[in-house]
Amino acid sequence: RDASNTEFRYAFDAADERPKRATRGLATAIVLMDRLGLETTNFRVALIATTGTISADIFKWKVLLGVLKALGGSHSPSSGSARYRTWRAASCAGPSVIPGSPRSCATR
């Protein structure tokens with residue numbers, strides 16, 4: 001960042017502030033919704049998933065499950081996860097890492 005370019009510095013600072021403002025707004029909305037007794041699980045999941053900051057909310061089962069889903073879900077074949085299918089296709093494409101190990105990609 002060039003400190004002599006004032007216009008660039010202001011634009012950079014403004015762009016840096018936008019996500020912080022949105023995060024504070026969402027956190028405030030969660031607090032207000034809690035006071036009103038409204039369901040906030042989806043908003044707590046969104047806050048954790050977008051900021052990457054783990055809070056005490058992660059100890060609530062619904063929030064934990066929501067975060068796991070948001071971050072790619074279960075890696076089991078039955079989940080239908082796109083990330084699992086991509087990993088599985090890539091792992092079946094190349095040579096076996098362990099010599100003599102069975103290649104059962106086609107049967108799963």
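**Close-up views of helices α2 and α3**

**View 1. Leu68, a residue at the surface of helix α3.** Leu68 has 46% relative accessibility, so this residue counts as partly exposed, since the partly exposed class runs between 20% and 50%. Leu68 belongs to helix α3. The model you are looking at is a predicted one.

**View 2. A nonpolar patch on the surface.** Here Leu68 appears again, now together with Trp61 and Leu65. The three residues form a nonpolar surface patch, and their accessible area together comes to about 380 Å². Two of the patch residues, Trp61 and Leu65, are exposed and sit on the face of α3 turned away from its buried side, as does Lys69.

**View 3. The buried side of helix α3.** Turn now to the residues of α3 that are buried: Val63, Gly66 and Val67. Around the helix axis they cover an arc of only 100°, which puts them on the same side of α3. Helix α2 is among the elements that cover these buried residues. Following α3 comes Gly72, with a positive phi near 125°.

**View 4. Helix α2 and its two sides.** Helix α2 spans residues 41-51, and its buried residues are Thr41, Arg44, Val45, Leu47 and Ile48. Looking down the axis of α2, you find these buried residues within an arc of 160°, so they line one face of the helix. Asn42 and Thr50, on the other side of α2, are exposed. The cover over the buried residues of α2 includes α1 (6-35) and α3 (61-70). Just past the end of α2, Gly52 has a positive phi of about 80°.

**View 5. The largest nonpolar core.** Which residues make up the largest nonpolar core? There are five: Val45, Ile48, Ile58, Val63 and Val67. Helices α2 and α3 are the elements that give two or more residues to this core. As general background, nonpolar side chains tend to be buried together in soluble globular proteins.

**View 6. Ile58 and its contacts.** This last view takes one member of the core, Ile58, and asks what it touches. Leaving aside residues up to four places away in sequence, Ile58 is in contact with Ile48, Val63, Leu64 and Val67. Of these partners, Ile48 is one of the buried residues of α2, while Val63 and Val67 are among the buried residues of α3.

Notes
Residues numbered from 1 in each chain as written. Predicted model: local features only at pLDDT ≥ 70, side-chain atom pairs only at ≥ 80, totals over all residues. Heavy atoms only, no water. Buried < 20%, exposed > 50% of the residue type's maximum accessible area, 1.4 Å probe, protein only. Helix = DSSP H or I, 4+ residues; strand = E, 2+ residues; numbered from the N terminus. Arc of directions from axis to C-beta. Contact = heavy atoms within 4.5 Å. Core = buried A, V, L, I, M, F, W, Y, C linked by side-chain atoms within 4.5 Å. Patch = residues over 30% accessible without salt bridge, like charges linked within 9 Å, V, L, I, M, F, W, Y side chains within 5 Å. Areas by Shrake-Rupley, 256 points an atom, 1.4 Å probe, with all protein chains shown as cover. Salt bridge = Lys/Arg side-chain N within 4 Å of Asp/Glu carboxyl O.
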